[in-house]
There are 2 protein chains.
Amino acid sequence: MKAEGADQIRQAFQQAGLRCTPQRYAMLQYLAAEPMHPTAEQILRAINRSDPRSSRATIYNNLHALTKAGMVSPVAVNSGPVRYEANRRHHHHFICEWCGELEDIAAREVAYHPRRSQLGGRVVEDFQIVFRGICEKCVQKPRHRGPVCAVTQRGAGSC
Amino acid sequence: MKAEGADQIRQAFQQAGLRCTPQRYAMLQYLAAEPMHPTAEQILRAINRSDPRSSRATIYNNLHALTKAGMVSPVAVNSGPVRYEANRRHHHHFICEWCGELEDIAAREVAYHPRRSQLGGRVVEDFQIVFRGICEKCVQKPRHRGPVCAVTQRGAGSC
DNA sequence: TTATCTGCAAACGCTTTGCATCGGA
DNA sequence: TCCGATGCAAAGCGTTTGCAGATAA
């Protein structure tokens with residue numbers, strides 16, 4: 001996904017009823033251009049690298065605001081710091097058990113398209129598949145170390 | 001799922017090459033009998049309610065040990081404290097966006113049984129579906145408060 | 001007997017919060 | 001102009017760690 005145009009970003013904030021501050025602008029631009037799933041800390045470092053000085057508190061405040069407005073989504077598929085992604089089309093996730101990397105899986109790669117919007121007496125509004133296994137990079141690398149810790153997601157790093 | 005027999009629990013530890021201490025025994029017994037997905041703190045409180053005095057550090061140590069041995073699994077589908085479950089058969093999860101409750105969904109309730117164990121160049125070893133929506137209890141209750149915060153999972157509690 | 005486990009307490013990492021100041025609309 | 005956003009610093013919560021003493025096998 002490419003970076004959005006300047007007007008597009010301003011407009012998005014307007015529609016959400018949020019002020020378009022330099023900090024928010026930088027955050028959304030970064031997240032929309034970024035194929036990774038950065039943590040709050042990574043977002044802070046990335047946007048402070050180029051221009052305005054954002055504070056940690058502002059990053060957290062705005063991640064909440066943007067989440068509430070539906071402009072970004074928290075990705076909480078493993079433990080550790082929460083990761084974020086700009087809202088793209090419906091997709092799933094893959095987690096490498098060796099290097100901990102988190103990748104997107106396009107919905108069309110998966111043959112599951114439930115028709116029912118119910119499950120027992122529950123109303124289902126969304127679903128998301130999390131695959132676990134070994135990523136492409138790790139498959140073709142010799143296994144230096146063991147897999148990452150299933151709880152902390154730390155302990156390896158061979159990718 | 002019912003509580004396991006005493007011998008069964010001792011045996012499980014033996015097979016894993018782990019000592020069967022009173023603390024570990026209580027933890028596994030509790031997790032095997034418990035249909036919830038308790039946090040470390042909840043496990044601590046639950047097992048200290050009945051018998052031996054376990055410490056917080058021991059709970060965390062053992063959750064790692066039991067996870068490494070494949071006897072319990074961390075459930076990290078939302079942010080906040082990590083939740084744990086004893087290893088049962090393959091299943092999925094449902095998260096209520098109103099009360100934050102986490103429920104199991106039996107695999108047979110879901111018509112997705114992928115044949116391939118690959119996804120691009122990746123090796124898939126496991127997958128897990130996370131459904132989001134409104135749980136049975138919340139569906140039939142008037143909506144007192146808004147949904148829980150998507151980041152912190154706090155802010156409601158109507159269930 | 002001894003490697004392993006426990007418990008305490010301190011430290012750590014991530015996140016939230018209170019409050020004074022600032023600035024976009 | 002003024003409500004909402006920012007930044008700082010301190011506190012909060014969940015978790016990890018080091019180490020001395022206890023204990024299952």
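Which polar backbone atom is 3.0 Å from a phosphate oxygen of DNA strand D? In this predicted model, the atom belongs to A:Ser55. Other phosphate contacts accompany it. The side chain of A:Arg24 places an N or O atom 3.1 Å from a phosphate oxygen of DNA strand D. From chain B, a polar backbone atom of B:Cys20 is 3.1 Å from a phosphate oxygen of DNA strand D.

The surroundings of DNA strand D comprise 22 residues. A:Arg19, A:Thr21, A:Arg53, A:Thr152 and B:Tyr60 come nearest. Of the strand D atoms that come within 4 Å of the protein, 73% are sugar and phosphate. By class, the surface near DNA strand D holds 10 polar, 7 nonpolar and 5 charged residues. Three helices each supply at least two residues of this surface: α2 (22-33) and α4 (56-68) of chain A, and α4 (56-68) of chain B. The largest share comes from α4(B), with 5 residues.

The two protein chains also meet each other. In the interface, 42 residues of chain B are in contact with 42 residues of chain A. Together the chains bury about 3,400 Å², and carbon and sulfur atoms carry 59% of that area. On the chain B side, B:Tyr112, B:Arg122 and B:Val151 lose the most area to chain A. These three residues account for 18% of what that side buries.

Polar interactions cross the same interface. Between chain B and chain A there are 2 salt bridges. One salt bridge joins the side chains of B:Arg122 and A:Glu103, with an N to O distance of 2.3 Å. B:Arg122 is thus both a salt-bridge partner and one of the residues that lose the most area to chain A. Polar contacts link 10 residue pairs across the interface, both residues being at pLDDT 80 or more.

Several elements build the side of chain B that touches chain A. Helices α4 and α5 (136-139) and strands β4 (102-106) and β6 (122-134) each supply at least two residues. Strand β6(B) gives the most, with 13 residues. By class, this side has 23 nonpolar, 10 charged and 9 polar residues.

Strand β6 also pairs across the interface. In chain A, β6 spans residues 122-134 and pairs with β6(B) in the antiparallel sense. The pairing runs over 11 bridges. In one of these, A:Val124 has B:Gly133 as its bridge partner. β6(B) therefore appears twice in this account, as the element that gives the most residues to the side touching chain A and as the partner of β6 in chain A.

Note on methods: Residues are numbered from 1 along each chain as its sequence is written. Chains are lettered from A and ligands numbered from 1 in the order in which they are written. This is a predicted model: local features need pLDDT of at least 70, side-chain atom pairs count only at pLDDT 80 or more; totals for chains, interfaces and linings use all residues. Side-chain values use heavy atoms; hydrogens and water are left out. A residue is near a molecule or strand if one of its heavy atoms lies within 4 Å of it. A polar contact is a pair of N or O atoms within 3.5 Å; within protein, one must be able to donate a hydrogen and the other to accept it, and residues adjacent in sequence count only if both atoms are side-chain atoms. Helices (H or I, at least four residues) and strands (E, at least two) are DSSP runs, numbered from the N terminus. Ala, Val, Leu, Ile, Met, Phe, Trp, Tyr, Cys and Pro count as nonpolar, Asp, Glu, Lys and Arg as charged, and the others, Gly among them, as polar. Contact means heavy atoms within 4.5 Å. Buried area is the accessible area (1.4 Å probe) that two parts lose on being put together, summed over both. A salt bridge is a side-chain nitrogen of Lys or Arg within 4 Å of a carboxyl oxygen of Asp or Glu. Two strands pair if DSSP finds at least two bridges between them.
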